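User: Hi! Could you walk me through this one before I set up my next job?
Analyst: Happy to, here it comes.
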Amino acid sequence: MKQPWNFKQELTACFGKPVAENPTQAMVEAAYRQHGLAWRYLTIEVDAADLGDAVRGARAMGFAGFNCTIPHKVAVIPYLDGLGESAALMGAVNCVVRRGRELIGENTDGKGFVQALRTLTDPAGKRVVIFGAGGAARAIGVELALAGVRHLTIVNRSEARGRELVELLAGKLHVPSDFALWHGDYRVPPETDVVINATSIGLFPDVDARLPLDVTTLSPHMIVADVIPNPPRTRLIRDAAARGCRVIDGLGMLVNQGVLGIRYWTGIDPDPGVMRRALEEIFGN
Ligand code: NDP
(Lines give C-alpha, C1' and ligand atoms only; values in the text may rest on other atoms or scores of the structure.)
Protein backbone atom coordinates (compact mmCIF):
# COMPACT_ATOMS: atom_id res chain seq x y z
CA MET A 1 0.00 0.00 0.00
CA LYS A 2 1.47 3.35 -1.07
CA GLN A 3 -0.53 5.57 1.27
CA PRO A 4 -1.05 5.31 5.03
CA TRP A 5 -4.59 4.29 5.87
CA ASN A 6 -6.41 3.73 9.11
CA PHE A 7 -10.02 3.01 9.96
CA LYS A 8 -10.69 6.05 12.12
CA GLN A 9 -13.99 7.91 11.82
CA GLU A 10 -15.01 6.46 8.47
CA LEU A 11 -18.38 5.65 6.98
CA THR A 12 -18.01 3.59 3.85
CA ALA A 13 -20.92 4.25 1.54
CA CYS A 14 -23.10 1.37 0.46
CA PHE A 15 -26.17 2.51 -1.42
CA GLY A 16 -29.25 0.38 -0.89
CA LYS A 17 -31.09 2.25 -3.63
CA PRO A 18 -30.03 1.72 -7.21
CA VAL A 19 -27.56 4.45 -8.15
CA ALA A 20 -28.28 5.24 -11.78
CA GLU A 21 -25.36 5.91 -14.11
CA ASN A 22 -26.52 9.08 -15.85
CA PRO A 23 -24.97 11.05 -18.74
CA THR A 24 -23.85 13.90 -16.48
CA GLN A 25 -21.98 11.39 -14.35
CA ALA A 26 -20.23 9.95 -17.39
CA MET A 27 -19.31 13.49 -18.52
CA VAL A 28 -17.97 14.70 -15.15
CA GLU A 29 -16.07 11.51 -14.36
CA ALA A 30 -14.45 11.61 -17.83
CA ALA A 31 -13.02 15.00 -16.83
CA TYR A 32 -11.84 13.66 -13.45
CA ARG A 33 -10.06 10.77 -15.19
CA GLN A 34 -8.50 13.10 -17.77
CA HIS A 35 -7.06 15.29 -15.02
CA GLY A 36 -6.01 12.35 -12.83
CA LEU A 37 -8.36 13.39 -10.02
CA ALA A 38 -9.35 10.61 -7.64
CA TRP A 39 -12.81 12.17 -7.28
CA ARG A 40 -16.25 10.67 -7.84
CA TYR A 41 -19.53 12.16 -9.07
CA LEU A 42 -22.40 9.89 -8.11
CA THR A 43 -26.11 10.13 -8.77
CA ILE A 44 -28.12 9.70 -5.58
CA GLU A 45 -31.89 9.75 -5.62
CA VAL A 46 -33.36 11.80 -2.75
CA ASP A 47 -37.07 11.95 -1.89
CA ALA A 48 -38.41 15.50 -1.48
CA ALA A 49 -39.19 14.81 2.22
CA ASP A 50 -35.56 13.82 2.86
CA LEU A 51 -33.87 16.78 1.17
CA GLY A 52 -32.93 18.59 4.41
CA ASP A 53 -31.36 15.44 5.85
CA ALA A 54 -29.53 14.83 2.58
CA VAL A 55 -27.98 18.32 2.63
CA ARG A 56 -27.00 17.94 6.30
CA GLY A 57 -25.47 14.59 5.34
CA ALA A 58 -23.51 16.15 2.47
CA ARG A 59 -22.22 18.76 4.91
CA ALA A 60 -21.27 16.16 7.53
CA MET A 61 -19.60 13.92 4.97
CA GLY A 62 -17.49 16.72 3.53
CA PHE A 63 -18.93 16.75 0.00
CA ALA A 64 -17.23 19.42 -2.12
CA GLY A 65 -20.68 20.09 -3.53
CA PHE A 66 -23.45 18.58 -5.62
CA ASN A 67 -25.82 19.29 -8.47
CA CYS A 68 -29.54 19.17 -7.93
CA THR A 69 -32.34 18.66 -10.39
CA ILE A 70 -36.09 19.34 -10.42
CA PRO A 71 -37.86 19.42 -7.92
CA HIS A 72 -34.89 20.15 -5.64
CA LYS A 73 -33.65 23.28 -7.46
CA VAL A 74 -35.92 25.57 -5.44
CA ALA A 75 -36.57 23.42 -2.36
CA VAL A 76 -32.84 23.15 -1.53
CA ILE A 77 -32.45 26.90 -0.90
CA PRO A 78 -33.57 26.99 2.79
CA TYR A 79 -30.89 24.39 3.64
CA LEU A 80 -28.01 26.44 2.21
CA ASP A 81 -25.92 29.24 3.77
CA GLY A 82 -26.10 31.66 0.84
CA LEU A 83 -26.69 32.11 -2.89
CA GLY A 84 -24.60 33.37 -5.80
CA GLU A 85 -25.88 36.46 -7.64
CA SER A 86 -27.70 34.78 -10.50
CA ALA A 87 -29.09 31.92 -8.36
CA ALA A 88 -30.60 34.58 -6.07
CA LEU A 89 -32.14 36.40 -9.05
CA MET A 90 -33.52 33.17 -10.54
CA GLY A 91 -34.63 31.70 -7.20
CA ALA A 92 -33.20 28.34 -8.30
CA VAL A 93 -30.01 26.41 -7.57
CA ASN A 94 -28.59 23.61 -9.70
CA CYS A 95 -25.10 23.52 -8.22
CA VAL A 96 -24.10 23.63 -4.54
CA VAL A 97 -20.53 24.52 -3.67
CA ARG A 98 -18.71 24.19 -0.36
CA ARG A 99 -16.82 27.39 0.48
CA GLY A 100 -15.05 26.96 3.81
CA ARG A 101 -17.74 25.78 6.20
CA GLU A 102 -20.57 27.14 4.07
CA LEU A 103 -22.67 25.56 1.34
CA ILE A 104 -23.45 28.15 -1.34
CA GLY A 105 -26.07 27.72 -4.05
CA GLU A 106 -25.09 28.64 -7.59
CA ASN A 107 -26.88 28.27 -10.90
CA THR A 108 -24.67 27.08 -13.73
CA ASP A 109 -27.43 26.38 -16.32
CA GLY A 110 -27.56 29.90 -17.73
CA LYS A 111 -23.83 30.50 -17.25
CA GLY A 112 -23.15 27.27 -19.18
CA PHE A 113 -25.37 28.47 -21.99
CA VAL A 114 -23.65 31.87 -22.14
CA GLN A 115 -20.23 30.22 -22.15
CA ALA A 116 -21.32 28.07 -25.13
CA LEU A 117 -22.66 31.19 -26.89
CA ARG A 118 -19.39 33.04 -26.30
CA THR A 119 -17.63 30.45 -28.49
CA LEU A 120 -19.49 32.10 -31.41
CA THR A 121 -20.25 35.65 -30.30
CA ASP A 122 -20.19 38.14 -27.42
CA PRO A 123 -23.78 38.46 -26.15
CA ALA A 124 -23.26 42.13 -25.21
CA GLY A 125 -25.42 44.42 -27.37
CA LYS A 126 -27.30 41.54 -29.05
CA ARG A 127 -31.03 41.19 -29.69
CA VAL A 128 -32.26 37.81 -28.48
CA VAL A 129 -35.47 35.82 -28.89
CA ILE A 130 -36.08 33.05 -26.32
CA PHE A 131 -38.82 30.43 -26.75
CA GLY A 132 -40.06 29.27 -23.33
CA ALA A 133 -40.36 30.77 -19.87
CA GLY A 134 -39.59 27.78 -17.60
CA GLY A 135 -36.48 27.08 -15.53
CA ALA A 136 -34.08 26.88 -18.49
CA ALA A 137 -35.42 30.08 -20.12
CA ARG A 138 -35.23 31.92 -16.78
CA ALA A 139 -31.63 30.83 -16.20
CA ILE A 140 -30.59 31.80 -19.73
CA GLY A 141 -32.50 35.09 -19.69
CA VAL A 142 -30.95 36.20 -16.39
CA GLU A 143 -27.38 35.35 -17.49
CA LEU A 144 -27.86 37.05 -20.87
CA ALA A 145 -29.14 40.13 -19.06
CA LEU A 146 -26.09 40.09 -16.77
CA ALA A 147 -23.90 39.67 -19.90
CA GLY A 148 -25.29 42.93 -21.34
CA VAL A 149 -27.69 41.94 -24.14
CA ARG A 150 -29.52 44.85 -25.74
CA HIS A 151 -33.02 43.36 -25.98
CA LEU A 152 -34.86 40.16 -25.03
CA THR A 153 -38.14 38.82 -26.38
CA ILE A 154 -39.77 35.99 -24.44
CA VAL A 155 -42.10 33.89 -26.59
CA ASN A 156 -44.28 31.57 -24.51
CA ARG A 157 -47.49 29.58 -24.73
CA SER A 158 -48.68 30.46 -21.24
CA GLU A 159 -48.97 34.20 -20.77
CA ALA A 160 -48.61 34.41 -16.98
CA ARG A 161 -45.26 32.58 -16.95
CA GLY A 162 -43.95 34.59 -19.90
CA ARG A 163 -44.91 37.94 -18.38
CA GLU A 164 -43.40 36.98 -15.00
CA LEU A 165 -40.05 36.37 -16.68
CA VAL A 166 -40.25 39.64 -18.64
CA GLU A 167 -40.97 41.47 -15.37
CA LEU A 168 -37.83 39.98 -13.81
CA LEU A 169 -35.67 40.86 -16.83
CA ALA A 170 -37.03 44.35 -17.40
CA GLY A 171 -37.71 45.18 -13.75
CA LYS A 172 -34.85 43.77 -11.68
CA LEU A 173 -32.25 43.50 -14.45
CA HIS A 174 -33.21 46.63 -16.41
CA VAL A 175 -32.92 44.98 -19.84
CA PRO A 176 -35.47 46.13 -22.44
CA SER A 177 -37.68 43.05 -22.78
CA ASP A 178 -41.03 42.17 -24.21
CA PHE A 179 -43.42 39.27 -24.24
CA ALA A 180 -44.95 37.60 -27.30
CA LEU A 181 -47.82 35.21 -26.81
CA TRP A 182 -47.08 32.10 -28.84
CA HIS A 183 -49.83 31.13 -31.23
CA GLY A 184 -49.18 29.78 -34.70
CA ASP A 185 -45.73 29.86 -36.26
CA TYR A 186 -43.64 32.65 -34.71
CA ARG A 187 -41.93 34.94 -37.19
CA VAL A 188 -38.47 35.94 -35.99
CA PRO A 189 -37.90 39.71 -36.40
CA PRO A 190 -35.13 40.31 -39.00
CA GLU A 191 -32.97 42.39 -36.60
CA THR A 192 -32.64 39.40 -34.20
CA ASP A 193 -29.08 38.19 -33.55
CA VAL A 194 -29.70 35.07 -31.42
CA VAL A 195 -32.67 32.66 -31.34
CA ILE A 196 -32.93 30.14 -28.49
CA ASN A 197 -35.27 27.21 -27.94
CA ALA A 198 -35.55 26.89 -24.15
CA THR A 199 -38.70 24.75 -24.22
CA SER A 200 -38.80 20.96 -23.94
CA ILE A 201 -40.07 20.63 -27.54
CA GLY A 202 -37.94 18.06 -29.39
CA LEU A 203 -36.70 16.18 -26.33
CA PHE A 204 -36.45 12.38 -26.70
CA PRO A 205 -38.74 10.52 -27.42
CA ASP A 206 -40.62 13.35 -29.23
CA VAL A 207 -37.68 13.87 -31.55
CA ASP A 208 -39.78 14.89 -34.55
CA ALA A 209 -41.81 17.50 -32.67
CA ARG A 210 -41.65 20.82 -34.51
CA LEU A 211 -41.10 24.15 -32.78
CA PRO A 212 -43.94 26.43 -33.99
CA LEU A 213 -41.61 28.75 -35.88
CA ASP A 214 -41.58 30.05 -39.44
CA VAL A 215 -38.11 28.82 -40.40
CA THR A 216 -38.06 31.05 -43.49
CA THR A 217 -37.62 34.00 -41.06
CA LEU A 218 -34.23 32.56 -39.94
CA SER A 219 -31.35 34.33 -41.71
CA PRO A 220 -27.68 33.36 -42.03
CA HIS A 221 -26.59 36.26 -39.75
CA MET A 222 -28.52 34.65 -36.83
CA ILE A 223 -27.16 32.21 -34.27
CA VAL A 224 -29.70 29.53 -33.39
CA ALA A 225 -29.35 27.56 -30.15
CA ASP A 226 -31.31 24.68 -28.65
CA VAL A 227 -31.23 23.56 -25.01
CA ILE A 228 -32.35 20.02 -25.90
CA PRO A 229 -29.36 17.72 -25.28
CA ASN A 230 -31.04 14.51 -26.45
CA PRO A 231 -30.90 14.28 -29.41
CA PRO A 232 -28.25 16.96 -30.01
CA ARG A 233 -29.26 17.54 -33.64
CA THR A 234 -32.85 18.56 -33.09
CA ARG A 235 -35.16 19.46 -35.93
CA LEU A 236 -34.59 23.15 -35.08
CA ILE A 237 -30.81 22.76 -35.26
CA ARG A 238 -31.08 20.94 -38.60
CA ASP A 239 -33.51 23.51 -40.06
CA ALA A 240 -31.39 26.45 -38.86
CA ALA A 241 -28.17 24.94 -40.24
CA ALA A 242 -29.93 24.36 -43.57
CA ARG A 243 -30.88 28.08 -43.58
CA GLY A 244 -27.18 28.99 -43.17
CA CYS A 245 -27.34 29.95 -39.46
CA ARG A 246 -24.56 29.13 -37.03
CA VAL A 247 -25.91 26.69 -34.42
CA ILE A 248 -25.31 25.67 -30.81
CA ASP A 249 -26.80 22.36 -29.68
CA GLY A 250 -27.94 21.39 -26.18
CA LEU A 251 -24.69 19.54 -25.47
CA GLY A 252 -22.91 22.93 -25.53
CA MET A 253 -24.92 24.13 -22.52
CA LEU A 254 -24.69 20.79 -20.72
CA VAL A 255 -20.93 20.55 -21.14
CA ASN A 256 -20.31 24.13 -20.05
CA GLN A 257 -22.50 23.92 -16.93
CA GLY A 258 -20.42 20.82 -16.09
CA VAL A 259 -17.17 22.71 -16.70
CA LEU A 260 -18.32 25.42 -14.27
CA GLY A 261 -19.39 22.89 -11.62
CA ILE A 262 -16.02 21.11 -11.77
CA ARG A 263 -14.21 24.45 -11.57
CA TYR A 264 -16.28 25.43 -8.49
CA TRP A 265 -15.70 22.09 -6.73
CA THR A 266 -12.12 21.22 -7.61
CA GLY A 267 -10.52 24.50 -8.74
CA ILE A 268 -9.32 22.94 -12.01
CA ASP A 269 -10.37 23.98 -15.50
CA PRO A 270 -11.48 20.78 -17.21
CA ASP A 271 -11.20 20.10 -20.93
CA PRO A 272 -14.68 20.61 -22.46
CA GLY A 273 -13.73 18.43 -25.47
CA VAL A 274 -13.26 15.35 -23.29
CA MET A 275 -16.58 16.02 -21.59
CA ARG A 276 -18.43 16.52 -24.87
CA ARG A 277 -17.03 13.28 -26.28
CA ALA A 278 -18.30 11.38 -23.20
CA LEU A 279 -21.81 12.74 -23.92
CA GLU A 280 -21.58 12.06 -27.66
CA GLU A 281 -20.86 8.40 -26.86
CA ILE A 282 -24.27 8.32 -25.15
CA PHE A 283 -26.38 10.72 -27.25
CA GLY A 284 -24.60 10.58 -30.62
CA ASN A 285 -23.61 13.83 -32.34
P1 NDP B 1 -40.00 23.75 -17.61
O2 NDP B 1 -41.02 22.70 -17.45
O3 NDP B 1 -39.67 24.65 -16.46
O4 NDP B 1 -40.43 24.73 -18.84
C5 NDP B 1 -40.82 24.18 -20.08
C6 NDP B 1 -41.08 25.31 -21.07
O7 NDP B 1 -41.40 24.71 -22.33
C8 NDP B 1 -42.26 26.20 -20.70
O9 NDP B 1 -42.02 27.50 -21.14
C10 NDP B 1 -43.40 25.56 -21.51
O11 NDP B 1 -44.43 26.48 -21.82
C12 NDP B 1 -42.67 25.19 -22.76
N13 NDP B 1 -43.34 24.11 -23.51
C14 NDP B 1 -43.30 22.78 -23.24
N15 NDP B 1 -44.02 22.11 -24.17
C16 NDP B 1 -44.49 23.04 -25.04
C17 NDP B 1 -45.30 22.97 -26.22
N18 NDP B 1 -45.75 21.79 -26.70
N19 NDP B 1 -45.57 24.11 -26.88
C20 NDP B 1 -45.12 25.30 -26.42
N21 NDP B 1 -44.38 25.44 -25.31
C22 NDP B 1 -44.05 24.32 -24.63
O23 NDP B 1 -38.69 23.02 -18.12
P24 NDP B 1 -37.18 23.54 -18.06
O25 NDP B 1 -37.17 24.98 -18.45
O26 NDP B 1 -36.56 23.15 -16.77
O27 NDP B 1 -36.49 22.65 -19.19
C28 NDP B 1 -36.75 22.88 -20.56
C29 NDP B 1 -35.83 22.03 -21.37
O30 NDP B 1 -34.50 22.48 -21.15
C31 NDP B 1 -35.84 20.54 -21.01
O32 NDP B 1 -36.08 19.80 -22.18
C33 NDP B 1 -34.46 20.25 -20.49
O34 NDP B 1 -33.99 19.00 -20.95
C35 NDP B 1 -33.64 21.37 -21.11
N36 NDP B 1 -32.48 21.71 -20.30
C37 NDP B 1 -31.26 21.56 -20.87
C38 NDP B 1 -30.12 21.85 -20.17
C39 NDP B 1 -28.80 21.65 -20.82
O40 NDP B 1 -27.79 21.74 -20.12
N41 NDP B 1 -28.74 21.44 -22.12
C42 NDP B 1 -30.17 22.36 -18.78
C43 NDP B 1 -31.51 22.54 -18.28
C44 NDP B 1 -32.62 22.20 -19.03
P45 NDP B 1 -45.61 26.82 -20.78
O46 NDP B 1 -45.04 27.81 -19.79
O47 NDP B 1 -46.67 27.40 -21.63
O48 NDP B 1 -46.01 25.52 -20.14
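Analyst: We can go through the ligand site and then a sheet.
Analyst: This is a predicted model, where local features need pLDDT of at least 70, side-chain atom pairs count only at pLDDT 80 or more, and totals for chains, interfaces and linings use all residues. Residues are numbered from 1 along each chain as its sequence is written, and side-chain values use heavy atoms, with hydrogens and water left out.

User: Cool. How many residues surround the ligand?
Analyst: There are 22, and the closest are A133, A136, N156, R157 and V227; a residue counts if one of its heavy atoms lies within 4 Å.

User: Which domains does the shell draw on?
Analyst: Domain 1 (10–107 + 252–283) and domain 2 (111–248) each give at least three residues, with bounds from an automatic or database domain assignment.

User: And what lies 3.0 Å from a ligand oxygen?
Analyst: A polar side-chain atom of R161 does, and a polar backbone atom of G135 is also 3.0 Å from an oxygen of the ligand. For L254, a backbone N or O atom is 3.3 Å from a ligand oxygen. Polar contacts here are pairs of N or O atoms within 3.5 Å.

User: Switching topic: what's the strand order in the sheet?
Analyst: The open sheet has 6 strands, β7-β6-β5-β8-β9-β10, with parallel pairing. Strands are DSSP E runs of at least two residues, and two of them pair if DSSP finds at least two bridges between them.

User: Which strands stand at the edges?
Analyst: β7 (177–181) and β10 (246–248); each has a single partner strand, so one side of each lacks a neighbour in the sheet.

Note on methods: A polar contact is a pair of N or O atoms within 3.5 Å; within protein, one must be able to donate a hydrogen and the other to accept it, and residues adjacent in sequence count only if both atoms are side-chain atoms. Helices (H or I, at least four residues) and strands (E, at least two) are DSSP runs, numbered from the N terminus.
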